[in-house]
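This report concerns the ligand site and the internal spaces of one protein model. Please consult the sequence and the structure shown here while reading.

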Amino acid sequence: MEVVIRPDADAAAELTARIIADRVRAKPDLVLGLATGRTMEPVYDRLAAMDLNFSACRTFNLDEYVGVPPQDPQSYRRYMNERLFERINIRLANTHVPNGVAADLGAEVASYERRIKEAGGIDLQLLGIGEDGHIGFNEPLSALMSRTREKALTPKTRQQNAGMFGDDPKRVPTRALTMGVGTILEARELLLIATGGPKAEILAKAVEGPITAMISASALQLHPRCKVIVDQAAASSLTQREYYDWIFANEPEWQAYR
Ligand code: GLP
């Protein structure tokens, strides 16, 4: 795992977008794993503003609420269409978001796993982190080898995500479909972005604490190619900041991004 600390949220989003852009340029038929949430909005704004060719890319989103139809303004499908897909030259048929209103949710999650495999696996998976340490919607105690499945959301997550539901946690769905921790770990490269003070404590536990199913983001420590990009506020509880800064300032792989 490598941690890069940027001065502010804008700089963290900028670096994240530049890394994604470089992967798309290097492999035009990149299979890109995508995430939703407020943290991703400035990343998608930047990607949309860059002159990138997504016409051969395929994408797979991490998760979707159960019971929220794709055309609903609160769905993650609609979020993705509006915030990214309609602003770039991707073919909508090449974009995948789990269908939270499928008649058979079991068949939907199995087909999602199959579609990822048929695409050749995910090259680069973008991730955010929930305040309870989830990646996707892998809530505490999610098996570290879990696959795409239906998952019940914690009260904390429903509270955190109430913004899209008129600030009323009770209106946030109780269940979601999500890639599993095991599914996520199979991506060839992982990129987690976290910004803002409220993420500081959980981020430090996920990055520097022991691996535990209580914090699904801690499983990223197992991945050989995982980058964590944070702003100063989200980095404030990390103990090894000097070392991370030294790596970013000195290692050749970061030269182009300094
Ligand atoms: C939701 C998503 C996660 C995301 C998290 C963080 O719970 N399922 O994938 O990482 O929100 O959201 P935000 O970026 O708004 O803090």
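The sections below treat the ligand, the pocket and the cavity in turn.

## Ligand surroundings

The model is predicted. In it, the ligand is surrounded by 14 residues. Arg38, Thr39, Asp63, His134 and Lys199 are the closest of these. Sorted by class, this shell comprises 8 polar, 3 charged and 3 nonpolar residues.

## Polar contacts and burial

Oxygen atoms of the ligand are found at short listed distances from polar atoms of Arg38, His134 and Gln160. For Arg38, the partner is a polar backbone atom, and the separation is 2.8 Å. His134 instead places a polar side-chain atom 2.9 Å from a ligand oxygen. With Gln160, a polar side-chain atom is again involved, at 3.4 Å from an oxygen atom of the ligand. The ligand taken alone exposes 390 Å², and the protein buries 97% of that area.

## The largest pocket

Which space does the ligand take? The ligand takes the space of the largest pocket, and about 630 Å³ lies in that pocket. Its lining consists of 31 residues. Nearest the pocket centre are Thr36, Gly37, Arg38, Thr39 and Asn161. Arg38 and Thr39 therefore appear both in this central group and among the residues closest to the ligand, where a residue counts as near if one of its heavy atoms lies within 4 Å.

Strand S4, residues 63-65, and helix H3, residues 76-83, each contribute at least two residues to the lining of the largest pocket. H3 gives the most, with 5 residues. The class composition of the lining is 12 polar, 11 nonpolar and 8 charged residues.

## The cavity

How many cavities of 30 Å³ or more does the structure hold? There is 1 such cavity. The largest cavity contains about 40 Å³ of space. Its lining is formed by Met1, Ile129, Leu192, Leu203, Ala206, Val207, Ala217, Leu220 and Val228.

Helix H7, residues 200-208, supplies the largest share of this lining, namely 3 residues. By class, the lining of the largest cavity has 9 nonpolar residues, with no polar and no charged ones. The lining of the largest pocket, by contrast, includes polar and charged residues as well as nonpolar ones.

Terms used:
Residues are numbered from 1 along each chain as its sequence is written. This is a predicted model: local features need pLDDT of at least 70, side-chain atom pairs count only at pLDDT 80 or more; totals for chains, interfaces and linings use all residues. Side-chain values use heavy atoms; hydrogens and water are left out. A polar contact is a pair of N or O atoms within 3.5 Å; within protein, one must be able to donate a hydrogen and the other to accept it, and residues adjacent in sequence count only if both atoms are side-chain atoms. Accessible areas come from the Shrake-Rupley method with a 1.4 Å probe; for residues, only the protein chains shown count as cover. On a 1 Å grid over the protein atoms alone, a cavity is a set of points where a 1.4 Å probe fits but cannot get out, and a pocket is an open set with protein on both sides within 12 Å along at least five of seven lines; lining residues have an atom within 4 Å of a point. A molecule sits in a cavity or pocket if more than half of its atoms lie within 2 Å of its grid points. Ala, Val, Leu, Ile, Met, Phe, Trp, Tyr, Cys and Pro count as nonpolar, Asp, Glu, Lys and Arg as charged, and the others, Gly among them, as polar. Grid points are joined across faces, edges and corners, and a volume is the space filled by probe spheres set on the points. Helices (H or I, at least four residues) and strands (E, at least two) are DSSP runs, numbered from the N terminus.
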